[in-house]
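User: I'm new to this structure and would like a close look at a single part of it. Could you pick one helix, walk me through it slowly, and then show me how the surroundings are put together?

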Amino acid sequence: MSSITQIQPLDVPSAIAQRRSIKTFKTDPIAPELLKQLVELTVAAPSSFNIQDWQIILIQDEAQKAALAAAAWNQQQIIQAPVTFVFAADPTAGNKDLTPILEQGLQTGAWNEGTVNYFKNAVPQFQNALGDKQREYAIKDAMIAATHLVLAAESLGLSTCFMNGWLEEKVKEVIGAADNPDLAIAVVVPVGYAAEPRLNPGRLPFSYNVSVDKIGNPYKG
């Protein structure tokens with residue numbers, strides 16, 4: 001067990017600039033208080049109407065890690081990393097009881113009675129109007145939360161890797177959601193201490209894929 005050295009967190013621009021996708025991890029554990037901080041910063045992410053339509057599962061048990069790796073084409077970073085975050089998206093969250101969310105918004109002073117009364121009807125109506133886009137919207141919210149995680153982790157001396165290489169139904173079995181047809185898996189993110197350096201592979205010039213007003217009118221910076 002290695003000791004965890006207290007570090008000075010990076011500022012956001014530095015964390016964005018230096019983050020790389022790490023594919024091999026040390027098995028060193030993440031201190032519980034540091035993991036809690038990561039979770040707090042992850043769920044601080046915004047979501048549509050603040051419905052927080054994600055389910056985040058921390059895979060830490062060795063048998064669970066092995067099962068998740070098997071569901072992800074045996075990619076070993078899940079075995080190596082002390083924790084892997086599975087970001088699931090619940091397309092039905094906006095149709096469930098919103099009382100805890102609405103009451104908290106009132107208590108914090110973020111929302112007034114008028115806003116809360118509006119949300120009581122507007123949120124379910126909006127969700128229903130999305131139709132088959134509900135899944136897509138929930139996945140977007142989960143991905144925003146996952147992005148918060150990877151930048152928070154980088155800032156706090158940890159490394160991460162967004163993983164898309166997995167079988168959704170197999171991952172759902174691992175997390176105990178095989179009987180929930182609505183739940184979607186957005187992304188899987190191992191978190192730990194890097195066992196390898198990764199150089200910046202570079203990015204295309206802005207003119208390739210950043211435009212002003214319309215595609216084809218390149219932003220030149």
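Analyst: Here is a walk along helix H7, followed by the sheet and a few spots elsewhere in the chain.

First, a quick overview. This is a predicted model, so keep that in mind throughout. The protein chain has 221 residues, and 38% of them count as buried. Its C-alpha trace spans about 50 × 50 × 35 Å along the principal axes. There are nine helices and four strands in the chain, and from the N terminus on they run α-α-β-α-α-β-α-α-α-β-α-β-α.

Now to H7 itself, which covers residues 134-155. How far apart should the ends of this helix be, at 1.5 Å a residue? With 22 residues, H7 should span 32 Å, and its end C-alpha atoms are indeed 32 Å apart, so the expected and actual values agree.

Plenty of H7 is tucked away. The buried residues include Gln 134, Ala 138, Asp 141, Ala 142, Ala 145 and Ala 146. Further along, Leu 149, Val 150, Ala 152, Ala 153, Glu 154 and Ser 155 are buried too. A bit of background helps in reading that list: an α-helix has 3.6 residues a turn, so residues three or four places apart point the same way.

The same helix also holds a salt bridge. Glu 136 and Lys 140 meet through their side chains, 3.3 Å from N to O. Both sit in H7, four residues apart, or about one turn of the helix. Are these two buried or exposed, or something in between? Glu 136 has 34% relative accessibility, so it counts as partly exposed. Lys 140, at 40%, is partly exposed as well.

Once you leave H7, there's a small backbone feature to spot: Gly 157, just after the helix, takes a positive phi of about 90°.

How many salt bridges turn up when the whole structure is searched? The search finds six. One of them joins Asp 90 and Lys 96, at 2.6 Å from N to O. Its two partners have unlike surroundings: Asp 90 is buried, with a relative accessible area of 8%, whereas Lys 96 is partly exposed at 47%. Another links the side chains of Arg 198 and Glu 196, at 3.1 Å from N to O. Here Arg 198 is partly exposed, with a relative accessible area of 39%, while Glu 196 is buried at 18%. And back around H7, Lys 133, Glu 136 and Lys 140 are joined into one network by salt bridges that share partners.

Next comes the sheet. Which order do the strands take? Four strands form an open sheet in the order S1-S2-S4-S3, and the pairing is antiparallel. S1 and S3 are the edge strands, each pairing on one side only.

Strand S4, residues 184-192, is a good one to follow. Nine of its nine residues are buried, so this strand is largely enclosed by the rest of the structure. S4 pairs with strand S2 (residues 83-89) in the antiparallel sense over seven bridges, and Thr 84 stands opposite Pro 190 in S4. S4 also pairs with S3 (residues 159-160), again antiparallel, over two bridges. There, Thr 160 stands opposite Val 191 in S4. As general background, side chains in a regular strand alternate between the two faces of the sheet.

From the edge strand S1 (54-59), the chain leads through a loop to helix H3 (62-70), and Asp 61 lies in that loop. Asp 61 is partly exposed, with a relative accessible area of 44%. A polar atom of the Asp 61 side chain lies 3.1 Å from the backbone nitrogen of Gln 64. If you'd like a distance to trace on screen, the C-alpha atoms of Asp 61 and Ile 79 are separated by 9.9 Å, although these residues are 18 apart along the chain.

Last stop: the surface. Phe 206, Val 210, Val 212 and Tyr 219 make a nonpolar surface patch of about 320 Å². Tyr 219 lies in the segment after helix H9 (206-209), and at 38% relative accessibility this tyrosine counts as partly exposed.

Conventions
Residues numbered from 1 in each chain as written. Predicted model: local features only at pLDDT ≥ 70, side-chain atom pairs only at ≥ 80, totals over all residues. Heavy atoms only, no water. Salt bridge = Lys/Arg side-chain N within 4 Å of Asp/Glu carboxyl O. Buried < 20%, exposed > 50% of the residue type's maximum accessible area, 1.4 Å probe, protein only. Expected span 1.5 Å × (residues − 1). Polar contact = N/O pair within 3.5 Å; in protein donor to acceptor, adjacent residues only side chain to side chain. Patch = residues over 30% accessible without salt bridge, like charges linked within 9 Å, V, L, I, M, F, W, Y side chains within 5 Å. Areas by Shrake-Rupley, 256 points an atom, 1.4 Å probe, with all protein chains shown as cover. Pairing = 2+ DSSP bridges.
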